[in-house]
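Reader: Show me how to read a sheet and the empty spaces around it. Take one step at a time.

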Amino acid sequence: MEKNYLLTPGPTPLPPAVCAAQAQPIIHHRTPQFQAILKEVTEGLKYVFKTKNDVFILTSSGTGAMEAAVANLLSPGDTAITVEGGKFGERWTEICKSYGINTKVIKVEWGKAVEPKEIEKLLQQDPAVKAVFVTACETSTGVSNDMKAIGEIVKATNAVLVVDAISALASLDLQTDNWSLDVVVSGSQKGLMLPPGLAFISVSEKAYKLVEVAESPRYYFDLRLAKKAWEKIDTPFTPAITTIIALKAALDIIKQEGLENIFSRHKKMAQATRKAMLALGLELFAPEASSDAVTAVKVPEGIDGEKLVKTMRDTYGVTIAGGQAELKGKIFRIAHMGYINEFDIILCISCLEKVLHQMGYKFELGKGLQAAEEVFLK
Ligand SMILES: *Cc1c(COP(=O)(O)O)cnc(C)c1O
């Protein structure tokens, strides 16, 4: 018998109500029926983003919203700061370069958080910087950055702060308005418990001023079109109707649990996972800035990291993530993001113990499970 479990940092498992919502017959999008849904989910997204700013829904994966941010805020030749502490931070630099933006890169050792003071220093050195691009949760390394501190720094300058919250949204507390996060982008297949296919972007008043004057070429992701359409509760192009209907189902679940409860659940899942890894004698990849959305763990000496992930998936149906780019084979990542509860974590640790044992790693069986259960019993 085959039974599968998904603990990856995107896509994440779908709640049954989200699956069911997608099985409904399609409706037309230029109708009062769909408009009511669009209005409701946009309000729901504002609750999740903790913002009064406009939040637009784009039809793409999360990276589409990242590209939309660059194309709508900047002009070729502009200067921007990007923070590179992993694969997704690098993506900001790559997108900026594609648009002819002059990027000042802050390189952060993978597994560490950016020092907000470094951003401050660079902003002071060059007042021409128009935007600062940061990753809230660097999914490739399991690191959380201090978005509140960074928000305070950028707020005091002419630059706008652009946040990749693709894996942070609805998993970690992220306060768009209170922390002065000008542009926040996210995607559907992480904390929001949806299939991939939708991206979201919020835009502050400070950022709108740039949208109006930016000279980068743009068409599909032109936020001026999105804003104009939204004035009539509409979208410029055919939206992913079914996924938006599923978004309504996901937001209903989120509202019912409550954001603060969601954050404490993620915190608990992360704590249990980290304690379990340490109890197994494993080392965390980002011990000083570990994210509550995904835990990155060093593959122990003498164990084939890629084989570990592959065996868990192909033999036992438990999918976790390996390392990306330079971390390939060196770490594995357990996501506790979205529709995950304590028994998903227990199951994952149990499978990890089993495969580590089979691969000859020396530890006392059950130690990881015990450590996790002790966290859950508290
Ligand atoms: C998943 C992820 C992305 C990429 O999103 P896509 O939906 O694959 O385009 C970007 N940034 C972060 C932090 C992510 O976790």
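Author: We go through the sheet, then the helices on it, then the cavities and pockets. Keep in mind that this is a predicted model.

Reader: Start with the sheet. In what order do the seven strands stand?

Author: The general idea first. Strands of a sheet pair through backbone hydrogen bonds, either parallel or antiparallel. Here seven strands make an open sheet, ordered E2-E10-E9-E8-E5-E3-E4. The pairing is mixed.

Reader: Which strands stand at the edges?

Author: Strand E2 (54–59) and strand E4 (102–107) do. Each has a single partner strand, so one side of each has no neighbour in the sheet. On average, neighbouring strands are turned by 20 degrees against each other, direction ignored.

Reader: Take one pair. How many bridges join E8 to E9?

Author: Three bridges link strand E8 (residues 160–164) with strand E9 (residues 183–187). The two run parallel. For Val163, the bridge partner in E9 is Val184.

Reader: Now the helices. Which strands does H3 touch?

Author: Helix H3 (residues 62–73) packs on the sheet and touches E2, strand E5 (129–135), E8, E9 and strand E10 (198–203). Its direction makes about 155 degrees with that of E9.

Reader: At what angle does H7 run to E10?

Author: At about 105 degrees. Helix H7 (residues 205–213) lies across E2, E5, E8, E9 and E10.

Reader: Next, empty space. How many cavities of 30 Å³ or more does a search of the whole structure find?

Author: Again the idea first. Rolling a probe the size of a water molecule over the atoms shows where empty space is left. In this model the search finds four such cavities. The largest has a volume of about 230 Å³. Its lining has 19 residues, and Ile57, Leu58, Ala226, Thr235 and Pro236 are the closest to its centre.

Reader: Which element gives the largest share of that lining?

Author: Edge strand E2 does, with five residues. Helix H2 (32–49), E2 and helix H8 (223–230) each supply at least two. By class, the lining of the largest cavity has 13 nonpolar, four polar and two charged residues.

Reader: And what lines the second largest cavity?

Author: Its lining includes Val83, Gly85, Lys112, Glu138 and Asn145. The classes divide into four nonpolar, four polar and two charged. The space in this second largest cavity is about 60 Å³.

Reader: Pockets last. Which residues lie nearest the centre of the largest pocket?

Author: Ser144, Asn145, Leu172, Asp173 and Trp179, out of 18 lining residues. Helix H6 (147–155) and helix H10 (259–279) are the elements that give two or more residues to this lining. H10 has the largest share, five residues. The pocket holds about 280 Å³ of space.

Reader: What classes of residue does it show, and which domains supply them?

Author: Seven nonpolar, five polar and six charged residues line the largest pocket. At least three come from each of domain 1 (5–10 + 258–377) and domain 2 (16–256).

Reader: Which residues lie nearest the centre of the second largest pocket?

Author: Pro13, Tyr339, Ile340, Asn341 and Asp344, among 15 that line it. Strand E1 (5–6), helix H9 (241–257) and helix H12 (342–358) each give two or more residues to this lining. By class there are nine nonpolar, three polar and three charged residues. About 220 Å³ of space lies in the second largest pocket.

How values were computed: Residues are numbered from 1 along each chain as its sequence is written. This is a predicted model: local features need pLDDT of at least 70, side-chain atom pairs count only at pLDDT 80 or more; totals for chains, interfaces and linings use all residues. Side-chain values use heavy atoms; hydrogens and water are left out. On a 1 Å grid over the protein atoms alone, a cavity is a set of points where a 1.4 Å probe fits but cannot get out, and a pocket is an open set with protein on both sides within 12 Å along at least five of seven lines; lining residues have an atom within 4 Å of a point. Grid points are joined across faces, edges and corners, and a volume is the space filled by probe spheres set on the points. Helices (H or I, at least four residues) and strands (E, at least two) are DSSP runs, numbered from the N terminus. Ala, Val, Leu, Ile, Met, Phe, Trp, Tyr, Cys and Pro count as nonpolar, Asp, Glu, Lys and Arg as charged, and the others, Gly among them, as polar. Domain bounds come from an automatic or database domain assignment. Two strands pair if DSSP finds at least two bridges between them. Axes are lines fitted to C-alpha atoms, for helices over the stretch in contact, and angles run from 0 to 180 degrees between N-to-C directions. Contact means heavy atoms within 4.5 Å.
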